[in-house]
Amino acid sequence: MSTGPTPPTKPQVKALNCPGCGAALTVRSFGNAVTIVCDSCHSILDAKDPNLQILQRFKVATDEVRPLIPLGTRGKIRGTDYAVIGFQRRTIHVDGLPYSWHEYVLFNPYKGFRYLTEYNGHWNDVSILKALPEVHSYGITPTVRYLGETYRHFQTAQAGTSFVLGEFPWQVRVGESAVVADYVSPPRVLSSEQTGNEVTWSMGEYIAGNDIWKTFRLPGSPPDAVGVYENQPSPMGAQTKAIWVAFAGFLLLLVVMMIGFDIIATNKQVFTGSYRYDSNQRGEASFVTDEFDLPGHTSNVEVKTTTDVNNRWIYLNYALINEDTGKAWDFGREVSYYHGYDSDGSWTEGGQNDSVAVPSVPAGRYYLRVEPEGDPGYGVTYYTVTVKRDVPQYSLYGLALLALLIPAVLLTWRTLSFEHLRWAESDHPPIKWGNDE
Amino acid sequence: MIRSLYLLYGAVVMAVLSVAQYQGWSLARMNEVKNVPRSIRDNPGAYRSIYSSYHHYTGGK
Amino acid sequence: MSQPSGTCPNCGATVVFRWSSSVQTVCEYCKSILVRTDVDLQKVGQVADLPPDSSPVQIGTEGVYNHKAFVVIGRIIYDYEQGSWNEWHIVFNDGTDGWLSDAQDEYAVSFAAPGRKVPDAAQCEVGQDCAWDNQRYTVTTITSAHYRGVQGELPFQYWDKENVTFVDLRTQTGKFATIDYSDEKPALYLGEMVEFDSLGLKNLRAFEGWS
């Protein structure tokens, strides 16, 4: 006994011919009305024509939601041709507000079914899983592990079908609903769908609207993606880690450089002289030091002033003059030191010593011109001037560190903002940074 | 892409830093003066520093 | 079913409707506007169309599973509330037989596994675990179905038209099990999910418009 599968019933087809002249007809739709006009004799088909009524009722039934990819369109995904055979709109309610997304069923007789989902311009390429993922329910956020990847719970909601067209692997009806739980690991998402009698797992991969338009050769451009979607890949995400790794590398290099320059710096004392300044004394206070050699390649010169000021200040006008070229570096240094005792305890301000680095001084024969100044009445200050050639400048390393740090911090900030936006839509929203309304 | 840009940027920063360290760049504010005559060695008072007439009191609490 | 084709009443050419419930198309040859009159318009937008009988497998299809060659010799079609699926009866070179499940192009190969403890139908719930042969299986589906039709050679002769419970189970490693409660003694089948490509199927059914 052999009863084969029932073959599909052949569709009943009627033709629309012009009742007047039997010629070709044109279909026009304005709003909800469908009219048929004869191109030759311009007679309009009677609105009560039963065939026209079919088109009319069909339009009313399908006008509510228009699939972005028309049913029947074909496209190549992962090297296989698929036809779009079904479409549904599903709706969830969050805080009383409805949110809907669209699902498309794709079919290939040999490869089976795939799905595309679309929400606010965000698309996903979905297929059913053959093996079950591992569910870990513990912790604040439940996670699921599949093929070595961990997916974090994003949202669980009751999803109901609110509109359906075409074919589905099972007979979907409006009103049918399932509990849908999404777990994300951008750009992928694992979804479980549970009805009373069945649980199905599927995996989706985020896909750009432009790729969908290219695959199905659709006219125009895809709708703009609004907001950040649950498994939308972070544009900077993977890069951010890489940048910090690069930063660590640069930091290491910086330390090595610092040690290196420390070692090769000459740090040679080329001159030192001790002087006495009496602020009460009249006459020319300026003087010049003996000449000294600044050897080696162009580098800095440290001029260090050590004094014995005590609750007073001394100001030194310095000029480092190249005896041969006549070029000079002119700078002034104030050295002040104050201390006392008040209700908060003892305090100090300033210091008795000062040092400054004169930049990029070529080698040659130099001397210092010194002109001290002080408040008249203060009396005598003893001070020593020491000149060192080629000293390490640590402040520059600090600047370089900052320069290297800033892009990494900015990038991390952008990535964190993106993730903040992503998770704001989930069942586990992050604590708000700004003000609530 | 971003990573390559950052690596390039970092390399430039390090290169500039190396030059700065070698050439002895410094953040100190300097005034460069040209053609200081040799006579200053005998007459230091004749040199007019732009920093002279400094009477700015910046001490105490 | 997915792209129903009919005949143009004016010129007799074959016409294809873009999708299962599309009511309008144009004849490529005579350019007549054609309307389908057998679409249930009450259902459009409300109920999906019945899934197509789209199995590429047919009696005589050959394939390989676990390095052993097999041929398809029989078929059972089951109907359930929301659609249907196929159980293809396959026979291997060495004489053993098994089943190739084909549900909307999701495939599994399983073999009768007698002599193992099987829970009662009433005890099964989605999410519940069972263990056989050192593997943990979790119930994923409970279906109430009945035979719609048979083809070819099958290991049993009698069946009735009443609804029977089937329980499907899966593992984290892609294994598959099904319990058939049609007889007094529930029958257990153990196997695994397989990719269509891994079976290397030959002599498949040809589909118009698909290569």
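Select strands β3 (24–26) and β4 (residues 33–36) of chain C: in this predicted model they pair in the antiparallel sense over three bridges. Within that ladder, pick Q24(C), whose bridge partner in β4(C) is V35(C).

Now add β1 (13–16) of chain A to the selection. The three strands form an open sheet in the order β1(A)-β4(C)-β3(C), with antiparallel pairing. Both β1 of chain A and β3 of chain C stand at the edges with a single partner strand each, so one side of each has no neighbour in the sheet. On average, neighbouring strands here are turned by 35° against each other, direction ignored.

**The interface of chains A and C**

Display chains A and C together. Their contact takes 66 residues from chain A and 76 residues from chain C. About 6,200 Å² is buried between these two chains, 58% of it on carbon and sulfur atoms. To see the main contributors from chain A, select Y110(A), K130(A) and Q171(A): they supply 14% of the area that chain A buries against chain C, more than any other three residues. Of the two pairs of chains that touch, chains A and C have the most contacts.

**The interface of chains A and B**

Hide chain C and bring up chain B. Here 62 residues of chain A are in contact with 48 residues of chain B. The area buried between chain A and chain B is about 5,000 Å², with 60% of it on carbon and sulfur atoms. F250(A), D330(A) and L396(A) are the residues to highlight, since no other three supply more of the area that chain A buries against chain B; their share is 13%.

How far apart are the nearest C-alpha atoms of chain B and chain C? They are 37 Å apart, and the two chains do not touch.

**Three helices around the interface of A and B**

Select helix α3 (residues 237–264) of chain A and helix α1 (residues 2–23) of chain B. They pack at an angle of about 15°, with their axes 10 Å apart. The two helices are therefore roughly parallel to each other, and their crossing is right-handed. Residues of α3(A) in this contact include A246(A), F250(A), L253(A) and M257(A), while those of α1(B) include R3(B), Y6(B), M14(B) and Y22(B). By class, the contact has 16 nonpolar, four polar and one charged residues.

Next, replace α3(A) with helix α4 (residues 394–424) of chain A. This helix packs on α1(B) at an angle of about 170°, the axes again being 10 Å apart. That makes α4(A) roughly antiparallel to α1(B). Among the residues making the contact are L396(A), Y397(A), P407(A) and L411(A) of α4(A), and Y9(B), V13(B), L17(B) and A20(B) of α1(B). The residues divide into 15 nonpolar, two polar and no charged.

Finally, show α3(A) with α4(A). Are these two helices roughly parallel or roughly antiparallel to each other? They pack at an angle of about 175°, with their axes 9 Å apart, and are therefore roughly antiparallel. Residues of α3(A) that meet α4(A) include W244(A), F247(A), L251(A) and M258(A); on the side of α4(A), Y394(A), L401(A), L405(A) and V409(A) are among those involved. This contact has 18 nonpolar, four polar and one charged residues.

**A four-stranded sheet in chain A**

Move to β15 (268–278) of chain A and strand β24 (residues 380–389). They pair in the antiparallel sense over ten bridges; F271(A), for example, has V387(A) in β24(A) as its bridge partner. Extending the selection reveals an open sheet of four strands in the order β15-β24-β18-β22, with antiparallel pairing. The edge strands, β15 and β22 (353–361), each pair on one side only. The twist averages 15° from one strand to the next.

**Two backbone details**

Most residues other than glycine have a negative phi, and most peptide bonds are trans. Two loops of chain A offer exceptions. Zoom in on P186(A) and P187(A), which are joined by a cis peptide bond with omega of about 5°. P187(A) is found in the loop between β12 (177–185) and β13 (188–195) of chain A.

The last stop is R217(A), in the loop between α2 (209–215) and α3 of chain A. Phi of R217(A) is near 50°, a positive value in a residue other than glycine.

Terms used. Residues are numbered from 1 along each chain as its sequence is written. Chains are lettered from A and ligands numbered from 1 in the order in which they are written. This is a predicted model: local features need pLDDT of at least 70, side-chain atom pairs count only at pLDDT 80 or more; totals for chains, interfaces and linings use all residues. Side-chain values use heavy atoms; hydrogens and water are left out. Two strands pair if DSSP finds at least two bridges between them. Axes are lines fitted to C-alpha atoms, for helices over the stretch in contact, and angles run from 0 to 180 degrees between N-to-C directions. Angles under 35 degrees count as roughly parallel, over 145 as roughly antiparallel, 65 to 115 as roughly perpendicular and the rest as oblique. A crossing is left-handed if the near helix is turned anticlockwise from the far one by less than a right angle, and right-handed if clockwise. Contact means heavy atoms within 4.5 Å. Ala, Val, Leu, Ile, Met, Phe, Trp, Tyr, Cys and Pro count as nonpolar, Asp, Glu, Lys and Arg as charged, and the others, Gly among them, as polar. Buried area is the accessible area (1.4 Å probe) that two parts lose on being put together, summed over both.
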